[in-house]
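Hello,

Here is the structure for you to look over. My notes on the pocket and its ligand follow.

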Amino acid sequence: MVIVMQKHTSEINIEHVMAELTTRGFDVHRSTGSDQTVLGVVGKVDDIDPREFELMDGVQEVVRVSEPFKLSSRTWKPEKTVVNARGVMIGGDDVVVMAGPCTIESEHQLFETARRVRRAGARVLRGGAYKPRTSPYAFQGMGIEGLKLLRAAGDEMDMAVVSEVMEISQIEAMLEYVDILQVGARNMQNYNLLSALGQVRKPVLLKRGMSATIQEWLLASEYIMSGGNYDVILCERGIRTFETYTRNTLDISAIPVIGKLSHLPIIADPSHAVGRRDKVMPLARAIVAAGADGVLIEVHHDPEKAVCDGPQSLYPDQFARLMDELRIIVPSYRKRVKGEE
Ligand code: PEP
Ligand code: MN
């Protein structure tokens, strides 16, 4: 249920309604818009008689939210969320490009790749330190040593950094090094992990599970937001279909669908979607043309030698060309490409 307060109503009226809800045992999530405040009420709301609240001072209307997702919905927060990751704004006017290797392998590999993607205009550096590998025999990541390199590269290159968290016990140590905590497709329904991320105050990049519906994905974001962490970025990364030619099938329609249903920033990852380098550029162009707030792309300074996901990693030159193409597409409908100063 949401309670829409009247435009420009007083703070006293808002606090009075919130106090009444809290006294009755409900969780209240406040969304303060530029001229209107909306209160999201979570709990056994079926017991509430809406008239009781409709009659309170400053209340415009009481709306039952029919969708199962609440805090991620536009009903609770009509205005788009802009997530601030170390000064990089995601969900605002710019298309933000996040790029880097699948996994951090060495100082040389990470810094070389970071330099190249930064020069081309990427503002967020990606790199996995804990890797969810399909095979237990594959390289599992450098762990904390990798995160230290990632932070150092981000600082030197003036980039925000994103890395995947796989379990609750990794969160605390990661907070020191990363600006965005990534939840991978395989963990989208790890509800204990999501709830734990609701307790931190750092942006979370939530990838769509490979067989998750849009509703399941938004409900996963609710686990984070209901803990009070509202800085969630959604990332479409391809879903499993009957098609076997590509690694996954990019669900491009998820971009405008999420844009309508939710205020959360939506980005997409063409690399894991298609799994082949030669198809990453056209998909990235389609992603920004569809209105995404950003793209997440795997780039490696020497993809043939990559430990992980080399065949889907762009060469730095290809990435630079892609950035030039995005700079042509993006202004034609909405935004600038971040990094274009
Ligand atoms: C990744 O981005 O490194 C990754 C493992 O992606 P996904 O969770 O989408 O498979
Ligand atoms: Mn990868």
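**The pocket and ligand 1**

The largest pocket holds about 250 Å³ of space. A pocket here is an open set of points on a 1 Å grid over the protein atoms alone, where a 1.4 Å probe fits, with protein on both sides within 12 Å along at least five of seven lines. Its volume is the space filled by probe spheres set on the points, which are joined across faces, edges and corners.

This is a predicted model: local features need pLDDT of at least 70, side-chain atom pairs need 80 or more, and totals for chains, interfaces and linings use all residues. Residues are numbered from 1 along each chain as written, chains are lettered from A and ligands numbered from 1 in written order, and side-chain values use heavy atoms, without hydrogens or water.

The lining has 21 residues (an atom within 4 Å of a point). K131, P132, R186, H272 and D309 lie nearest the centre.

Ligand 1 takes up this pocket (more than half of its atoms lie within 2 Å of the grid points). Residues around ligand 1 (a heavy atom within 4 Å) include R126, E164, Q182 and G184.

Three polar contacts (N or O pairs within 3.5 Å) reach oxygen atoms of ligand 1:

- A185, backbone N or O atom: 2.8 Å.
- K207, polar side-chain atom: 2.8 Å.
- R237, side-chain N or O atom: 2.6 Å.

The protein covers 97% of the 290 Å² of accessible area (Shrake-Rupley, 1.4 Å probe) that ligand 1 has alone.

Best wishes

Technical notes. A polar contact is a pair of N or O atoms within 3.5 Å; within protein, one must be able to donate a hydrogen and the other to accept it, and residues adjacent in sequence count only if both atoms are side-chain atoms.
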